[in-house]
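Trainee: I am new to this structure and would like a close look at a single part, the place where helices pack side by side. Please walk me through it slowly, along with anything around it that helps me get my bearings.

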Amino acid sequence: DVYKRQAEGKAFLGNPTIANSAFGKSLKVNLQKAKFIVADNFSKGGNNLKAAKSFEAFAASNPGSSQAHSALFNAAVNYEKAGSVFDAVRLYKKVIAKPGKKANLQLKQDARNSLANTYKNMGQLKEAAIYYEAYGRNSNGSKSINALFNAAILWDALNAYPQAFKAYNLYASKDKKKNKGDQEAAWAKAEMYKRRKLYSKAIYQYDKFIKLNSPDLERMIKAHFTIADFYTNLRSTSKAKKWYEKVIRIVNNTGRGRKIGAKYAAQSQYQLSSKYLREMRSVRLGVTEGSITKGLNKMKSLQKSLIKDMAKVIKYDYGPSVVAALSAEAESYEIIGNTFKNIPIPREYAKGKVATQFKEMANQQKSEFINKAIGSYRTAFNKGISLKAYGPEMLSSAQALYRLDPNGFKNAGEINDVGEIPDMMGI
């Protein structure tokens with residue numbers, strides 16, 4: 001019985017002669033071990049709070065013992081199990097701060113890792129990041145790599161970008177699967193720059209990720225698309241076009257690519273196809289009959305190309321892009337309608353009856369194309385409803401429809417019959 005032997009031992013040590021003998025010194029050591037065993041028995045029996053206090057008392061009473069460091073760590077673990085989180089934190093910090101040769105380095109590492117997890121669970125992310133990084137820096141292996149990655153993510157979440165970059169770099173350098181570590185670090189940095197709208201730096205990291213040949217196809221597609229999108233934001237049209245085309249090739253290359261990347265391909269095709277709208281807006285008619293006719297024919301040719309290309313967008317069956325493509329068709333009708341609205345009278349018809357007839361023809365054409373635009377915007381809006389694509393594309397079509405035909409809306413957005421034109425995209 002441990003308690004009985006402890007009592008007997010204490011009685012022996014009450015005798016100074018025995019206490020100073022070799023037997024007495026050995027007895028002191030054994031009594032220390034007995035106290036440790038008592039604390040350990042409490043822990044094994046599920047009495048964690050009593051175990052924690054016993055381990056802490058042992059460490060305080062026997063600071064020079066080889067078991068003192070273990071006792072501090074065990075006290076922290078049992079406090080944590082007992083729900084005494086702040087006591088656990090206090091003891092883990094004592095484990096880390098333990099000086100001297102008898103300090104166990106692995107226990108310090110375990111305490112750092114436990115502190116990191118505890119702080120994370122408490123929502124104290126900065127402290128969690130500090131201890132994850134400390135654990136990762138002072139050890140090797142998979143746990144070290146995971147800890148550094150956790151630290152980087154937490155620093156990133158805290159917008160502590162310099163610390164995040166250092167942690168990501170250290171994570172990549174320690175990963176034995178070097179390429180995987182570099183991929184994860186490049187992706188994380190790219191996403192970090194993306195959130196900060198530092199487009200050029202984000203492009204560099206996404207491109208680095210791509211060149212590392214990640215097996216993650218969805219990320220690869222997204223990286224290509226994001227680079228294209230950022231070049232669009234930077235108004236580098238030719239580079240954006242190149243990357244949008246890459247997205248479409250990758251997605252169309254395999255069935256799996258089409259399955260996971262259809263939305264990126266649809267958006268890319270839309271971006272490439274929308275150039276026809278820009279070109280239609282830039283057409284100038286001139287002031288002669290010949291130049292006006294030439295300009296109108298060019299606009300109609302561009303519209304034909306637009307509708308053909310937007311049909312490619314539709315085929316990917318991504319709701320928001322379907323609505324956007326249909327709205328683009330509607331906008332092309334509106335552009336032509338507004339052109340007839342503002343069309344100049346040719347120099348040859350400047351006066352007289354012919355000029356009046358020309359104005360009447362222009363007004364008739366304007367009405368026809370605007371009505372087609374109204375019908376197409378309605379098609380886009382209704383398609384958005386049927387596809388449940390309740391996004392900015394659908395809102396844009398609704399706003400355009402309301403702008404062209406306010407009476408087409410009633411009762412908080414219900415649409416009256418404004419007439420639909422034949423579906424030229426076959427959807």
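Mentor: Happy to! Let me start with how the elements get their names: helices are DSSP runs of type H or I with at least four residues, strands are runs of type E with at least two, and both are numbered from the N terminus. Please keep in mind that you are looking at a predicted model.

First, the whole. The protein has 20 helices and two strands. Of its 427 residues, 45% count as buried. Among contacts with a separation of 6 or more, 56% join residues 24 or more positions apart. About 22,900 Å² of the protein is exposed, and carbon and sulfur atoms supply 51% of that area.

Now for the close look, with helix α18 as our guide. Begin with its packing against helix α17, which covers residues 289-315. The two axes are 9 Å apart, at an angle of about 170°. Angles over 145 degrees count as roughly antiparallel, and so α17 is roughly antiparallel to α18. From α17, the residues in the contact include Leu-296, Met-299, Lys-300 and Gln-303, and further along Leu-306, Ile-307 and Met-310. Among those they meet in α18 are Ser-321, Val-322, Ala-325, Leu-326, Glu-329, Tyr-333, Ile-336 and Phe-340. Sorted by class, this contact has 15 nonpolar, four polar and two charged residues.

Between these two helices there is a loop, and Asp-317 lies in it. Most residues other than glycine have a negative phi. Asp-317 is not a glycine, yet its phi is positive, at about 60°. This residue is exposed, with a relative accessible area of 59%.

Next, turn to another partner of α18. Helix α15 spans residues 255-273, while α18 spans residues 319-341. Their axes come within 10 Å and cross at roughly 15°. That angle makes α15 roughly parallel to α18, and the crossing is left-handed. On the α15 side, Ala-266, Gln-267 and Tyr-270 make the contact, and on the α18 side it is Ser-321, Ala-324, Ala-325 and Ala-328. By class, five of these residues are nonpolar, two are polar and none is charged. If you look back at the contact with α17, you will find Ser-321, Ala-325 and Ala-328 listed there too.

A few other places are worth a visit once you know α18. Lys-388 sits in the loop between α19 (353-387) and α20 (392-404). Its phi is positive as well, about 55°, although Lys-388 is not a glycine. With a relative accessibility of 64%, Lys-388 counts as exposed.

For a change from exposed loops, try two buried residues in helices. Ser-144 belongs to helix α9, residues 142-157. Its relative accessible area is 0%, so Ser-144 is buried. Setting aside neighbours within four places in sequence, Ser-144 touches Tyr-135, Gly-136, Ser-139 and Lys-174. His-69 belongs to helix α5, residues 68-81. His-69 is also buried, at a relative accessible area of 2%. Find Asn-104 as well: it is 35 residues from His-69 in sequence, and the two C-alpha atoms are 6.9 Å apart in space.

Terms used. Residues numbered from 1 in each chain as written. Predicted model: local features only at pLDDT ≥ 70, side-chain atom pairs only at ≥ 80, totals over all residues. Heavy atoms only, no water. Axes fitted to C-alpha atoms, helices over the stretch in contact; angles between N-to-C directions. Parallel < 35°, antiparallel > 145°, perpendicular 65-115°, else oblique. Left-handed = near helix turned anticlockwise from the far one by under 90°. Contact = heavy atoms within 4.5 Å. Nonpolar A, V, L, I, M, F, W, Y, C, P; charged D, E, K, R; others polar. Buried < 20%, exposed > 50% of the residue type's maximum accessible area, 1.4 Å probe, protein only. Areas by Shrake-Rupley, 256 points an atom, 1.4 Å probe, with all protein chains shown as cover.
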